[in-house]
Every structure is written in structure tokens, then in C-alpha cells.
Amino acid sequence: MEKGLFPNSPHKSEIIEIKPLRSLAPLIPKPVQLSSQLGFSPFFPIGETRETQAPPVLNPAPLRSFKSTIVEEEHGAGGGSFRSPFVEEETPRGGASGGDTSSSMEGLDGHCDADDNQKRAAPDSQNRKSSQKKNKKTQDQQQADSRPSVGAGLAPNDEGDRESVNFVLMTFDSLRRRLCQLEDANQLDSTNAIKRADLRASNTLMFKGIRTNPNKRVGVAPGVEIGDIFFFRIELCLVGLHGQVMSGIDYINIKGEDKDEPLALSIVSSGIYDDDAEDNDILIYSGQGEHFNKKDKHLVDQKLQRGNLALDRSSQQHNEVRVIRGLRDVGNKSVKIYVYDGLYKIQYSWIEKVQSGGGVFKYKFVRLPGQPSAFAHWKMVQKWKEGILPRSGLILSDLSAGVESIHVPVVNDVDNEKAPASFTYFRSLRHSKPFGLIRHSNGCNCSKSCVPGDLNCSCIQRNGGDFPYTANGILVSRKQMVYECGPMCQCLPNCKNRVCQAGLKLKMEVFKTKDRGWGLRSLDPIRAGTFICEYAGEILDRANVSQNGKEEHIDEYVFDTSRIFAPFKWNYEPSILEEVSPKDTSEDYAIPSPLIISARNVGNVARFMNHSCSPNVFWQPVLYEENNHSFLHIAFFALRHISPLTELTYDYGIFRSGHTEGSSTPKGRKKCLCGSSKCRGSFY
């Protein structure tokens, strides 16, 4: 190796032997011409890509026959102690970045395919095998005919687009949250082999055909944008970004002149080894496979086969490879997050003798120019949060002046404006009045913390018998009203049913936008259903607020629950889980009397959230008691996963009658600059 070629390569002094991969067997046939838009046959994401692998038959049982204890407690793809072939594992390797585990896979119905195969292959089962072979086509056709339809809502597009990707991810997460809620309440049996809510949810969606981009392809995955984040490996499969739950290398076999050739499509870098170069656009990726023979207890070299062979083939073909970076969040080390970092090409590869002695394949991936920043932004934000790198454009260290437990900086990289207009920072509502004069004597009588499934808890009763949040405070479903515990409840202040009362938990910053004034964004990744903030301010009477948009100057800091908001579906579909649908499945809010809040003079970070016709945040009415009365609050939650530095927006809504008689232009409306493909053109 040329001296100085890899100045940042780990264990440089330990390198013993370096050979070009092309000098190793097997020999690579002549290149084949490919198109970056080439599509391939449908794939099945659970398991390893093999030439002879056929998708297993899916026979998911109804929800009530699920028998498991979910050990994945909202901790990301690697959560839980249950060891299953479905679970992502860190493969022992010489610094490998997510190699292939090569273990046998369980079927999606939770039963071990290996055991079933042994039974079918037994000598006394030849007649049965013959019968199965004869009736295979009939059985497959019967299963296809009996497979349920997608159900209500948008049908995913096989070719993929942004709308389909968002729909699939929101459907998956809504189902997963519901399964977590049922498990927390002990409403699921506990003997099923599949014990994680994310896997159970994905199995159900796969069976019902709720996915997008099912055809493997080189290059972009339509509808998936650079910078998108995922909290579960299975989410990558559902949207066609990476087709392997366990293996870090996804590839396809294509027709060559002499035989089928493997070609790499995407890789997942585990993010726990020192494989990353200092340049954020370069990734030094280690091959897959063990380099230590546990049986004979001696060192071995990784083999040039399967995923490694596919990477070597891609190195010669110079085809685009999708790169997903696995990262640990600085604020929560137990959470693994996956960031789509765009398209890379393999510049070259070599073999490196690692410190332990085995030979490991190394691949230098170089990011294609002209793509939006993703991983680079993530690393920069981490350095800001750790204080390693000074925040550029910082004009105020803490907008809240200590009111919030987390500082809220203000930054401006656009112009010379020194700070937003002056206002009094307040975490909640000022001069609030009881909501509807609803009285409750002492709240719930729970001794320590409200327990999901405890129907003796009056707060759970008020929420329709369901605990509204998962174990770590994620909202399960939009409801007409969420009832939280309050000071009059006997449970402790850290009760998990007090999510919206604790102030900010995310690292927010107010920033100057290019064309819409000040805005709000988070330095932390945000999972769908996460509480963001309350809309704080002063309660106003209807008589003091401009009505119907007829005044020339509308208070831009007013939140009015009586406005018309674009409908959207966020909750899970009960029919997908074969649950009986409740009588009222509407997600529309039912507030007996309007609530009007002005944040012009008094407010918090919510006053800086801009409008969007395709928002990533939604509002939810939350009611809890204080001083023997119930008070209504407006809480904001993440509509979907939100990457760091992404502006937080919600739908401002429009007045119920905003047209002047005889005019086609709504009076008092403001021009919308959200840039969404579904932009309504104006709001208010």
C-alpha cells in the first residue's frame, strides 16, 4: 500500500498483508451494463438473500392469539433481551460494519421454519411431500385470494413516492405503538415466539401488502429522501431502502455471461466500530463474516463470497450503493438510529490484517457530490451538543432565561437581525380558567404511578380504558381528548401519565428562516408521537379576537381551536389487527367550547413554529386537573420521525368563513410559503 494513502486507517501499523480483491478467487466475469433505475424481482426482507431462497408462506394469527411478552420497550431496533434470528446482532468481526449473521430464520408467523423443514424431509413423509408439491400452486392461489386488502386510506405505490413512504412508515409505527400499549396493559398472551412489537407490526403489514418499493433496484429508493431517519431496521425494509434485517449488505444476483453475478444495492454501517474516516463523505467499510473460527479456535480470513463478493463486483462496476449510517444518539445511548446518507460508490478495496490477526476485507466508499447533507449534519449537531464545536450564528444562549430546564438558543445565519421581538417567556397558560367547570374531587387514587390496564384508575377510565402513552411517553393515538394526571391525583409527580406538564425535553433552537421570519427546530432526533411542547400564552375571550378573518391585521400568534384544520389519519387501523372497531373511529377533536390562546406577549417556543400544508407536527387537546378544576391545554406531538435541524411546522388552519361577499379571494389570508406539493396557497 502506498505510504500515506490511508492516514486515518485504524491499526495502520498492524497491517501485514494487502492484496487487491481481484487477485482472489473466484474470478469475476466481464462487466454487464446496468441502469441506475433498473428494477429487480420482488424481495422478502426477513432473512438473507440467496439464489434459491423462496419467500416463506405467511400465516399470521389474529391479534388475540399472539402469545408473547414484548421486550422491546421503545428502545430502537436492538432493544430487548430476547434472542431471536429476527433481532439485529453485532456480528463478531474485524471491525466489520454490520456483516451477515448467516443464521437460520424464523417464519413470519413466529414458528421455526427449520423444525418444519426437518419434519417435511423425514423418510416417512415422502407421500406428504409429493402431495404438497402437487397442490403447491393451488395453496399459493388460495393464500393470494384470502390475503386481506390494505384497508382504508392510501394504498402504497409499488413504484414508491413520498406519499407512499410516509403512509407505510406511519402505518407501521401506529401499529407498533398499539401493540406496545396492549402489551403494557397485559392484554396480549405471552407464549408467541415473536416478542417484539416492531417485528410483529412489520409481519402484519407484510402479510397485508402494506409496503412500498418491493422491487429491488440499483440507485435511489423512490420516495425516500436523504436525511430520513429510522428507529428500526425493519422500517428500511418496508420502504425498500435496505432489504436485510440482520445483514449489513443487501445485494441482488443479476444475469451475467456465464452465471449470475451478485451486485451490492445498499449497506448499513453499524456505527459502533472505528470504520469512519474523518471526512464525512468517506466511509471505510469492513466486510462481513467472522475472522475467528470458534470451533477450531484459530484465526481465519474473511471469505470473498455473498455480500463481500457483491461489494467487490460493485467496486468493478462502479454502480451506486445506498448507504445507511447506524448511530447512537448522544442524548440516549440506548437508542440506535439509522440515517439515510445517500448514494456512494466504492473507490477501491483491499485486505487488512487486523490486530487480532484475521484478514478482513476493507472497502472505501466515497459519497457522490451534489447531494444534501445528512450524516455530516448529524455529526456537526453532535459536536454542538457536546460543546466540541462552537455554534455558528449564535445570538442568544437561552431564550427562556432559565425558565426551561434546557437552554433554548437563538441563531441567525441569514441576516443581521439581533433577536426576535420581545415577549415574556412562560411555559404554560397564563390566566387560565377552568374548562367547562368540570369538577373532580381528588383525581386518581393510584399509590405510586398509574399502571396500564388498571381500570380502577379514574384517569385511565377517562381515557376510555387505555393508557394514552407507551412506557417512555410516546403518544399512542390521537384522541378527542387526552386526560392526564394532575396535582389532585394521588400518584407521584413522575407518573408516566404526566407527559405534557414537564416542559421541554428536546434540545430546541429558534432560528431565522430565509423567507418566513423566525422558525423552530430541534437538535435532537424526534420519534413519531413524541411530545414537543405546549402552546403557551394568554387565554383570550372570543370577543377580543378578530373573527372570520375580516380584520386587516390578524394576530399571527393566536391559536384558535375553532379553526378548520385539514383532516389526516394518524392512528392505527383496528381492522389490521383484527380488532373490533370502536363505534367512534374519528380522529376529529371534540372540544365543547373553543379555546383561544395568544402568544404575542406571553408564550414559549411554540410561538415560533411556522405553518405548513404538509406539517410534521400536530396538536392534541390535553386535559388535567389543578385546584379541583380541569384545565385544557394544547400539546404538540411529532407526526412522524423528524431529523435534527428539520424545521418544526404545523397546520395553522383557516377561519370557518374567510371570504368577502362577491370576492373570490379570501380576505385576511396570508400567502403560504411552505413549499409543499400539497400547498393550499394561503392560510388563516
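**Loops, a sheet and a covered helix in a predicted model**

In the loop residue Asp-398, a polar atom of the side chain lies 2.9 Å from the backbone nitrogen of Gly-402. Such a polar contact is a pair of N or O atoms within 3.5 Å; within protein, one must be able to donate a hydrogen and the other to accept it, and residues adjacent in sequence count only if both atoms are side-chain atoms. The structure is a predicted model, in which local features need pLDDT of at least 70 and side-chain atom pairs count only at pLDDT 80 or more, while totals for chains, interfaces and linings use all residues. Residues are numbered from 1 along each chain as its sequence is written, and side-chain values use heavy atoms, with hydrogens and water left out.

The protein chain has 9 helices and 29 strands. These are DSSP runs, numbered from the N terminus: helices are H or I of at least four residues, strands are E of at least two. Of the 684 residues, 53% count as buried. Buried means under 20% relative accessible area, exposed means over 50%, and partly exposed falls in between (1.4 Å probe, protein chains only). Contact means heavy atoms within 4.5 Å. Among contacts between residues at least 6 apart in sequence, 73% join residues at least 24 apart.

One open sheet has 4 strands in the order β12-β13-β17-β18, with mixed pairing. Its edge strands are β12 (394–396) and β18 (518–522), each pairing on one side only. Two strands pair if DSSP finds at least two bridges between them. Strand β17 (residues 508–512) runs antiparallel to β18, over 5 bridges. Glu-509 has Arg-521 in β18 as its bridge partner.

Asp-398 sits in the loop between β12 and β13 (410–411). Its relative accessibility is 11%, so Asp-398 counts as buried. The side chain of Asp-398 also makes a polar contact with the side chain of Ser-400, at 2.9 Å. Beyond four places in sequence, Asp-398 touches Ile-406, His-407, Val-408 and Pro-409. Asp-398 and Glu-509 are 111 residues apart in sequence, yet their C-alpha atoms are 9.0 Å apart in space.

A second loop, between β17 and β18, holds Thr-513. Thr-513 is buried, because its relative accessible area is 7%. Its side chain reaches two backbone atoms: the nitrogen of Arg-516 at 2.8 Å, and the oxygen of Gly-517 at 2.6 Å. Leaving aside neighbours within four places in sequence, Thr-513 is in contact with Val-414, Trp-518, Gly-519, Asn-610 and Glu-647.

Helix α5 (residues 197–208) has 12 residues. From first C-alpha to last, α5 reaches 17 Å, close to the 16 Å expected at 1.5 Å a residue. The expected span is 1.5 Å times one less than the number of residues. In α5, 12 of 12 residues are buried. Among them are Asp-198, Arg-200 and Lys-208. The buried residues of α5 pack against α4 (162–184) and α6 (233–238). Just after α5, Gly-209 takes a positive phi of about 75 degrees.

The cysteines complete the survey. A disulfide is a pair of cysteine sulfur atoms within 2.5 Å. By this rule the count is 0. Cys-679 is in no disulfide, and the nearest cysteine sulfur, that of Cys-672, is 3.5 Å away. Cys-679 is partly exposed, because its relative accessible area is 29%. Cys-237, at 0% relative accessibility, counts as buried.
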